[in-house]
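Reader: I'm new to reading protein structures, and I'd like to go through one with you. Could you put it up so that we can both look at it?

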Amino acid sequence: MTNLPAHNYHKLEDWMTAGHTSWLAVVGARSFVNPNGLVVARQLVEDTIEHIQALEDVADRNFGIVSGGADGVDSIGEEVADDCWYRKVIFPPRNRVWEPDGFKARNELVGQLCSFMVAVRCFRTKTWGTGHAAEYTESLGKPVARYVVCANLNCTGHSTDSSWRINDGCSST
């Protein structure tokens, strides 16, 4: 695991790009209304990894997870990295505020250093951290898989467009 202060980020960027590793940023909600939300989020993360590896022909040794270090979905990314022996880099915010040098800067750093992003949010999320990370990453021309987990206990996650809108009813059975 790598967890460096901001003044070392340039050194970390050199390390991350030296091995031609594909980095998946895993970002999202800290909690879900749906009690199965974290289980669903983990499955979405694992499915996204499988999809990327198939499309990009990426071997496990050339794959890594980038996390913002938050509870919930970010931590799921870290757990998957540990379980699968992937490389892992965690970027906690320097300050626990949006700005200056807080969550916004951390989100943008994660977006800059990843190759792909998976973002999973709760349908009742009141903050826009996950949305900001996804939008910023997309603005850099990188692919982002967006998912929303609704309250239906059988929900397996809804793929969404950049608006994060889902249908009113859950089609999961």
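Reader: Okay, at what angle do helix α2 and helix α3 pack?

Author: Bearing in mind that this is a predicted model, helix α2, which covers residues 37–56, and helix α3, which covers residues 73–84, pack at an angle of about 55°, and their axes are 10 Å apart. The two helices are therefore oblique to each other, and α2 passes α3 in a right-handed crossing.

Reader: And which residues in α2 meet which ones in α3?

Author: On the α2 side they are L38, A41, R42, V45, E46 and I49, and on the α3 side they are V73, I76, E79, V80 and D83. Sorted by class, the residues of this contact are seven nonpolar and four charged, with no polar ones.

Reader: Why would the numbers in a helix contact be spaced out like that, three or four places apart?

Author: An α-helix has 3.6 residues a turn, so residues three or four places apart point the same way.

Reader: Switching helices, how do the axes of α4 and α5 cross?

Author: The axes of α4, residues 103–113, and α5, residues 129–139, come within 9 Å and cross at roughly 40°. That angle makes α4 oblique to α5, and the crossing of α4 past α5 is right-handed.

Reader: What does that contact consist of, by residue and by class?

Author: From α4 there are K104, N107, E108, G111 and Q112, and they meet G129, H132, A133, Y136 and T137 in α5. By class, the contact of α4 with α5 has two nonpolar, six polar and two charged residues.

Reader: Let's pick one of those, K104: is K104 buried or partly exposed?

Author: K104, whose place is in helix α4, counts as partly exposed, since its relative accessibility is 24%. Leaving aside residues up to four places away in sequence, K104 touches W98, E99 and H132. The C-alpha atoms of K104 and G129 are separated by 7.4 Å, although these two residues are 25 residues apart along the chain.

Reader: And T137, buried or exposed?

Author: T137, which lies in helix α5, is buried, with a relative accessible area of 0%. Not counting residues up to four places away in sequence, T137 touches G111, C114, M117, K142 and V144.

Reader: Which other residues of α5 are buried, and what do they pack against?

Author: Along with T137, the buried residues in α5 are T130, G131, H132, A133 and A134. The buried residues of α5 pack against helix α4 and against three strands, namely β1 (22–28), β4 (116–122) and β5 (144–149).

Reader: What comes after α5?

Author: α5 is followed by G141, and the phi of G141 is positive, near 85°.

Reader: New topic: how many disulfides are there?

Author: The count comes to zero disulfides, where a disulfide is taken as a pair of cysteine sulfur atoms within 2.5 Å.

Reader: Why doesn't C122 form one?

Author: The closest cysteine sulfur to that of C122 is in C150, and it is 9.2 Å away, which is too far for a bond.

Reader: Are those two cysteines buried or exposed?

Author: C122 is buried, with a relative accessible area of 4%, and C150 also counts as buried, at 9% relative accessibility.

Notes
Residues are numbered from 1 along each chain as its sequence is written. This is a predicted model: local features need pLDDT of at least 70, side-chain atom pairs count only at pLDDT 80 or more; totals for chains, interfaces and linings use all residues. Side-chain values use heavy atoms; hydrogens and water are left out. Axes are lines fitted to C-alpha atoms, for helices over the stretch in contact, and angles run from 0 to 180 degrees between N-to-C directions. Helices (H or I, at least four residues) and strands (E, at least two) are DSSP runs, numbered from the N terminus. Angles under 35 degrees count as roughly parallel, over 145 as roughly antiparallel, 65 to 115 as roughly perpendicular and the rest as oblique. A crossing is left-handed if the near helix is turned anticlockwise from the far one by less than a right angle, and right-handed if clockwise. Contact means heavy atoms within 4.5 Å. Ala, Val, Leu, Ile, Met, Phe, Trp, Tyr, Cys and Pro count as nonpolar, Asp, Glu, Lys and Arg as charged, and the others, Gly among them, as polar. Buried means under 20% relative accessible area, exposed over 50%, partly exposed in between (1.4 Å probe, protein chains only).
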